[in-house]
Amino acid sequence: MVDKPKRKWAILLFSLPFTGVGFGFLLFSIIPSLYDAVQMSDWHETQATVISSELKSYSGDSTTYEAVGSYSYSIAGQQYTGTRLGISGGADNVGDWHQRMSGKLSSARNAQRPVSVYYKPNNPAAALVDRSLRWNLLGFKMIFVLVFGGAGICIFYLSIRQHNRIIDTPE
């Protein structure tokens, strides 16, 4: 039979990956996205020429999409090229943001019409097309925070509580 202190540590170690996944999503994805959105609310708007646009798709268990593109813009006589389209980068299949962004860029390029981009006033090389938060993507990521982080914290808490109950119970 496994003695009680070893079992406690095994349960605590079991809870760590769950807690880590939850806090990882929170610390490395959700909070940075919220921080970026707040910071970008002060960025300046200018017009840009779309150089390229493409909607990439990746198939696996499900199909994910990624809008990619480039654009050029001029600030104070200096020419810049940007590739950042939104706050969150990478491919996903949450909503139709990638399809809409790719369509917007392709339409502007084909019609030779400019698109609005937002740039950082003290670093005009930092720019993006859409500075709005994708709430459905943040909500999807919050599921991982709540389910995995919550499970890890519950397992950890119940393990400590059970351990304290064992110590407090006379034999």
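These legends describe close-up views of a predicted model.

**View 1. The sheet is open and holds 5 strands.** The strand order is β3-β2-β1-β4-β5. Pairing is antiparallel. Strands of a sheet pair through backbone hydrogen bonds, either parallel or antiparallel. At the edges stand β3 (78-82) and β5 (123-128). Each has a single partner strand, so one side of each lacks a neighbour in the sheet. On average, neighbouring strands are turned by 35 degrees against each other, direction ignored.

**View 2. Strand β2 pairs with the edge strand β3.** Strand β2 spans residues 63-75. Its pairing with β3 is antiparallel and runs over 5 bridges. Ser72 has its bridge partner in β3: Thr81.

**View 3. Helix α2 packs on the sheet.** This helix covers residues 97-110. It touches β1 (44-59), β2 and β4 (115-120). The direction of α2 makes about 125 degrees with that of β1.

**View 4. A nonpolar patch lies on the surface.** Its area is about 520 Å². Phe23, Leu27, Phe28, Ile31 and Ile153 make the patch. Helix α1 (residues 4-40) gives the most to it, with 4 residues.

**View 5. Leu27 is a member of the nonpolar patch.** Leu27 is found in helix α1. Its relative accessibility is 47%. Buried means under 20% and exposed means over 50%, so Leu27 counts as partly exposed.

Methods:
Residues numbered from 1 in each chain as written. Predicted model: local features only at pLDDT ≥ 70, side-chain atom pairs only at ≥ 80, totals over all residues. Heavy atoms only, no water. Pairing = 2+ DSSP bridges. Helix = DSSP H or I, 4+ residues; strand = E, 2+ residues; numbered from the N terminus. Axes fitted to C-alpha atoms, helices over the stretch in contact; angles between N-to-C directions. Contact = heavy atoms within 4.5 Å. Patch = residues over 30% accessible without salt bridge, like charges linked within 9 Å, V, L, I, M, F, W, Y side chains within 5 Å. Areas by Shrake-Rupley, 256 points an atom, 1.4 Å probe, with all protein chains shown as cover. Salt bridge = Lys/Arg side-chain N within 4 Å of Asp/Glu carboxyl O. Buried < 20%, exposed > 50% of the residue type's maximum accessible area, 1.4 Å probe, protein only.
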